[in-house]
Amino acid sequence: MLLTRQRRRAVIAGAVTLATAALGIGLSTQFAGAQATTLRAAADAIGKDIGVAVDYNKLQSNTQYRETIAREFNSLTAENAMKWDATEPSDGNYTFGQADAIVDFAEDNGQSVHGHTFVWHAQTPTWVQNLNATAMRAAMVDHINTVANRYEGRVDSWDVVNEVVSDNNGAMRDSFWLRTMGEGYITTAFQTARAADPNADLYINDYSIDGINPKSDTVYRIAQGLKSQNVLDGVGFQAHLILGQVPSTMEANLQRFVDLGLKVRITELDIRLTTPADANELQQQANDYRRVTEICAELADCSGITVWGLRDNDSWVPGTFPGTGAALLFFEDYSKKPAYNAVLNALGGGTSNPTTTPATSDPATTTSPPPGSGCTATLSVSSPWNTGATYSATVKANQNLSGWKVTWTWPGSERISNAWSVTGTLTGATVNGANASYNGTLASGQSTTFGFNITKADGSTASVPAVTCTPA
């Protein structure tokens, strides 16, 4: 029996047996009553996907890899197993063994699947590239129909076309698809996918479109046309980012696609840095991951986030950008990086009671909010280090708000060095903050978050002052 996404998620609320016969998995894990201390539990609680790109060979051979993926993620994307060269290496010769195993694993573990990808200029066999226009169109239609039909009802969404815009000022990518079939190949692909699986969400996917720029403008134009034909459901933003370079226009960019009536999705997130990384770089990476996750978490039509690999050594980055890497949420030994905790916090996970004193192994500290009629706010130290710390803050509305303000005074040497999702006078001993443009409107009982880094005197303990919150 095929499971719908809702049915798979309902299974998680009970006890899920993590057993995949095709891959020989023999572990059992109970999820009943789980606290939001995993990425998966936190994402489930807010109705978002938190996904990971998986490698078939590791999934088949590495027990810890499988256990971590089953525990931490509610959505899977095949890193390579669903691409054309893996599913149809020669004309009409379909090979689904690897893709089937990943879909089976997802179903047995109550996870959804985001399919990747039908039409791409890379990893497409030479036999396709050498066809004339008529034959190429026929091959594309047959391929999409065959793959989509096989996974109908089992794959929830698809990257139908991937990377169709070049890096050259928003021009169309000069691929064999464009040269042979013209720009209409994109429409043909979406029309075919829609007919093949009417219930799957269909996405156009690309990199370097995370902010507003000529490339994302071209994707916007394409999306307008496809949406007008009712063959496009969403836009995938790969978000292969560089340390400290989350685009300042990312929220506004995603919002303009949502305003077209589309879903948005962060599809291939990683944040690379120069290796080896030091503690400050890992903390900046955590801040960047937090920022991207907050953008999606706070946007109702962001369906979720997929990170492009599990551990740093699973990443494609070092092989493509020598001297860089350390781009993901887990170290090679499966221990959690600061970026993991930042994503967990941004999804609303972590310590469930902000007034509870954490265990000694957890350096985070929190304050209880003072009473107030309009809103309350809390600060929490999530990641301290010798000369600074990262703070998380939560604002909760006690009435309907169209804006909010927060203020506090540092009792010691702490000073904010950079902040996100909050505006105002932030750098002195007294902080007077206010909502950003996208997180000020809150219904009674609703919460939003912001965060910041501080510097402090060497060796001192990061303090957590009381915060006053008032409606704006």
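Q: A crossing is right-handed if the near helix is turned clockwise from the far one by less than a right angle, and left-handed if anticlockwise. With that in mind, is the crossing of α13 and α15 left-handed or right-handed?
A: This is a predicted model, and in it α13 passes α15 in a right-handed crossing.

Q: What makes α13 and α15 roughly parallel or roughly antiparallel?
A: Check the angle. Helix α15 covers residues 338-346, and α13 packs against it at about 25°, the two axes being 8 Å apart. Angles under 35 degrees count as roughly parallel, so α13 is roughly parallel to α15.

Q: Which residues make that contact between α13 and α15?
A: From α13 they include Leu282, Ala286, Tyr289 and Thr293, and from α15 they include Pro338, Ala342 and Val343. Sorted by class, this contact has nine nonpolar, four polar and two charged residues.

Q: How do you know whether α12 and α13 are roughly parallel or oblique?
A: Same kind of test. Helix α12 (residues 250-258) and helix α13 (residues 279-297) have axes that come within 10 Å and cross at roughly 30°. Under 35 degrees is the cut-off, so α12 also gets the label roughly parallel to α13. The crossing of α12 and α13 is right-handed.

Q: Where do α12 and α13 meet?
A: On the α12 side you'll find Met250, Glu251 and Leu254, and these meet Arg291, Val292 and Ile295 of α13. By class, that's four nonpolar, no polar and two charged residues.

Q: Why is α12 called largely enclosed by the rest of the structure?
A: Because seven of its nine residues are buried, where buried means under 20% relative accessible area. The buried ones are Met250, Glu251, Asn253, Leu254, Arg256, Phe257 and Val258. The buried residues of α12 pack against α11 (214-228), β6 (234-237), β8 (263-274) and α13.

Q: Why is the link between cysteine 296 and cysteine 302 called a disulfide?
A: The two sulfurs have to be within 2.5 Å. Here the S to S distance is 2.1 Å, so the pair fits the rule for a disulfide. The angle about its S-S bond is -95°, and the link is left-handed.

Q: How do you know whether cysteine 296 and cysteine 302 are buried or exposed?
A: Set their values against the 20% cut-off for buried. Cysteine 296 has a relative accessible area of 3%, so it is buried. Cysteine 302 comes in at 2%, so it counts as buried too.

Q: What about cysteine 375 and cysteine 469: what makes them a disulfide?
A: Their S to S distance is 2.0 Å, and the limit is 2.5 Å, so this pair passes as well. The link of cysteine 375 and cysteine 469 is left-handed, with -105° about the S-S bond.

Q: Why is this pair said to link distant parts of the chain?
A: Cysteine 375 sits in strand β12 (residues 375-385) and cysteine 469 in strand β19 (residues 468-471), and the two are 94 residues apart.

Q: Are cysteine 375 and cysteine 469 buried or exposed?
A: Cysteine 375 is at 1% relative accessibility, so it counts as buried. Cysteine 469 has a relative accessible area of 9%, and that makes it buried as well, given that the cut-off is under 20%.

Q: How many disulfides does that rule give, and what pattern do they follow?
A: The rule gives two disulfides. Counting the bonded cysteines along the chain, the pattern is 1-2, 3-4.

Note on methods: Residues numbered from 1 in each chain as written. Predicted model: local features only at pLDDT ≥ 70, side-chain atom pairs only at ≥ 80, totals over all residues. Heavy atoms only, no water. Buried < 20%, exposed > 50% of the residue type's maximum accessible area, 1.4 Å probe, protein only. Helix = DSSP H or I, 4+ residues; strand = E, 2+ residues; numbered from the N terminus. Axes fitted to C-alpha atoms, helices over the stretch in contact; angles between N-to-C directions. Parallel < 35°, antiparallel > 145°, perpendicular 65-115°, else oblique. Contact = heavy atoms within 4.5 Å. Nonpolar A, V, L, I, M, F, W, Y, C, P; charged D, E, K, R; others polar.
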